[in-house]
Amino acid sequence: MIVRSLAAILALASPAFAGAAPSAQCAAQWSASWASSQKDPDQADTGIAAKLRDATLRQTIRLSRGGKRLRIHLSNLVGTAPLTIDSAHVALAEASGSASIRPGSDHVVAFGGRAQVTIPAGAEYVSDPIAFAVPDRATLSLSLHLPEAPAGVTSHPGSRTGSFIAAGSHGGDATVAGERVEHWYFASGVDVAGCGATIVALGDSITDGHGATTDADDRWTDVLAARLPAGSGLSIVNQGIGGNRVLRDGLGPNALARFDRDVLAQPGVRYLIVLEGVNDLGVLTRDHPVAAAEHAALVAELEQGYRQMVARAHDRAITVIGATILPFGGSGYYHPNAQNEADRVALNRWIRTSGTFDAVVDFDALMRDPARPERLARAYDSGDGLHPSPAGYARMGEAVPIALFR
């Protein structure tokens with residue numbers, strides 16, 4: 001674990017931490033408490049649009065910070081026509097991945113005072129404020145009824161959480177019966193009112209939680225969220241996409257292309273943790289070897305990509321924490337060689353020592369096998385040589401210093 005420039009972090013920190021802001025000012029402010037990066041559906045979602053015609057979609061989401069008022073973000077990012085939702089409800093879920101809500105907790109979600117909303121193609125809408133007091137780490141149930149099949153389904157495939165599609169309109173029902181799917185659709189964020197500071201975790205499948213336990217909320221960001229001090233005003237949102245790369249599109253738009261939407265546009269963002277790059281390194285030689293010059297060029301381009309993120313975040317007074325890239329020498333998908341490992345070592349050395357980031361969290365040192373540093377330690381490997389296990393995610397989430405956010 002390496003942490004640097006704590007004085008700079010404190011200098012950049014949100015004014016909310018420098019002293020108590022007037023209550024009226026806080027009441028007018030919003031901070032993101034949950035978010036998911038939006039993209040097109042994956043191959044497993046064939047036919048999903050037809051299933052959503054005259055159907056209720058119930059999905060559960062775990063907040064990091066609670067509050068007395070909420071608002072919901074709905075996205076039609078990949079839609080090719082306006083998306084109509086004629087009923088939206090939010091409630092406390094019985095549990096993550098549950099089809100049932102807690103009695104008496106249902107609230108109608110309105111947009112401009114109306115129950116129905118039509119979201120233009122490519123757009124995101126935010127709901128009216130909802131007077132709904134929820135505690136930190138609350139699990140919400142969001143139910144949406146679509147009268148017609150959408151023209152393009154905006155999705156987050158890596159939910160690691162069950163959602164349900166039930167025929168007909170059942171938004172306020174105590175429970176729904178329908179097909180269970182492990183994806184989120186159209187839900188892009190939940191904000192809470194009050195002074196605070198949001199941490200955005202920008203990453204790939206390791207941040208998204210591949211290898212985590214379905215419905216258990218045990219990604220590394222979930223573990224970190226549980227450690228945030230009550231009453232601190234801190235929240236964290238997970239903006240990971242499986243297969244994501246810094247420089248090229250893959251499973252979803254590249255990290256630089258989605259930076260405005262997934263980082264800068266998040267309400268209350270004051271801190272950013274960047275854990276990206278393993279897929280850029282792995283894809284380079286996944287199908288065939290390349291010349292040494294191409295390896296060197298990729299490392300240089302990644303460094304420039306990180307510089308762009310930091311510069312743009314600093315323009316908004318956002319503190320940027322770089323995370324070193326985990327070992328992937330045991331990956332059967334990327335089958336890396338010595339040159340791939342040399343690229344990773346060089347990039348991690350730059351992350352640690354270049355001074356580009358305000359601080360560094362050294363996940364590489366934390367997670368590698370001391371005897372074979374190109375590989376994940378067996379105790380933290382999910383079994384594919386690339387993604388951590390739940391124990392590995394717990395170690396990552398427990399290792400991030402809370403002092404970085406004070």
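Select Phe-328 and Tyr-334 to begin: in this predicted model, Phe-328 is buried, and Tyr-334 is buried as well. Keep both rings on display for a moment, as they will serve for comparison with another pair.

**Aromatic pairs**

Widen the selection to the aromatic side chains, among which the structure holds 8 aromatic pairs. A pair of aromatic rings is described by the distance of the centres and the angle of the planes. Now pick Trp-34 and Trp-184, whose ring centres lie 5.1 Å apart with the planes at 85°, so that this pair is edge-to-face. Colour the chain by strand and you will find Trp-34 in strand S1 (residues 30-35) and Trp-184 in strand S14 (residues 184-185), so the contact ties together parts that are 150 residues apart in sequence. Trp-34 and Trp-184 are both buried. Going back to Phe-328 and Tyr-334, you can place their ring centres 6.1 Å apart with planes at 85°, and so this pair too is edge-to-face. A further stop in the aromatic selection is the group of Tyr-306, Trp-350 and Phe-357, which form one aromatic cluster.

**Strand S1 and its neighbour**

Return to Trp-34 and extend the selection along S1, a strand that is mostly covered, with 6 of its 6 residues buried. Add strand S15, residues 187-193, and the two strands appear side by side, running antiparallel and joined by 5 bridges. Which residue of S15 is the bridge partner of Trp-34? Val-190 takes that place.

**The largest cavity**

Leave Trp-34 selected and turn on a display of internal voids. Rolling a probe the size of a water molecule over the atoms shows where empty space is left. The count comes to 2 cavities of 30 Å³ or more, and the largest cavity has a volume of about 210 Å³. Of the 21 residues that line this largest cavity, Trp-34, Arg-62, Arg-219, Asp-222 and Asn-238 are the closest to its centre. Select next the elements that give two or more residues to this lining, namely S1, helix H5 (220-227) and strand S17 (234-240). Which of the elements supplies the largest share of the lining of the largest cavity? The answer is S17, with 4 residues. If you colour the lining of the largest cavity by residue class, you will see 7 nonpolar, 8 polar and 6 charged residues.

**The second largest cavity**

Move on to the second largest cavity, whose volume is about 40 Å³. To see its walls, select Asp-204, Ile-206, Leu-275, Glu-276, Gly-277, Val-278, Ile-325 and Leu-326, which line the second largest cavity. By class, the lining of the second largest cavity has 5 nonpolar, 1 polar and 2 charged residues.

**The largest pocket**

Switch from cavities to pockets, and centre the view on Ser-205, His-210, Gly-242, Gly-243 and Leu-251, which are the closest to the centre of the largest pocket among the 24 residues that line it. The volume of the largest pocket is about 580 Å³. Helix H4 (205-208) and helix H7 (278-284) are the elements that give two or more residues to the lining of the largest pocket, and by class that lining has 7 nonpolar, 10 polar and 7 charged residues.

**An open sheet**

Hide the surfaces and show the strands, where an open sheet of 6 strands can be traced in the order S6-S5-S10-S2-S12-S13, with antiparallel pairing. Why is one side of strand S6 (107-108) and of strand S13 (179-181) left without a neighbour in the sheet? S6 and S13 stand at the edges, each with a single partner strand, so one side of each has no neighbour there. Within the sheet, zoom in on strand S2 (residues 55-62) and strand S12 (residues 163-167), which pair in the antiparallel sense over 5 bridges. Here Gln-59 of the pairing stands opposite Ser-163 in S12.

**The disulfide**

For the last stop, select Cys-26 and Cys-195, which are joined by a disulfide with an S to S distance of 2.0 Å; the count for the structure comes to 1 disulfide. Cys-26 sits in helix H2 (residues 23-27) and Cys-195 in the loop between S15 and strand S16 (197-203), so the link connects distant parts of the chain, 169 residues apart. The torsion about the S-S bond is -100°, and the link of Cys-26 and Cys-195 is left-handed. Are these two cysteines buried or exposed? Cys-26 is buried, with a relative accessible area of 15%, and Cys-195 counts as buried at 17% relative accessibility.

How values were computed
Residues numbered from 1 in each chain as written. Predicted model: local features only at pLDDT ≥ 70, side-chain atom pairs only at ≥ 80, totals over all residues. Heavy atoms only, no water. Phe/Tyr/Trp six-rings, centres within 6.5 Å; stacked < 30°, edge-to-face > 60°. Buried < 20%, exposed > 50% of the residue type's maximum accessible area, 1.4 Å probe, protein only. 1 Å grid on protein atoms, 1.4 Å probe; cavity = no way out; pocket = protein on both sides within 12 Å on 5 of 7 lines; lining within 4 Å. Points joined across faces, edges and corners; volume = space filled by probe spheres on them. Nonpolar A, V, L, I, M, F, W, Y, C, P; charged D, E, K, R; others polar. Pairing = 2+ DSSP bridges. Disulfide = S-S within 2.5 Å.
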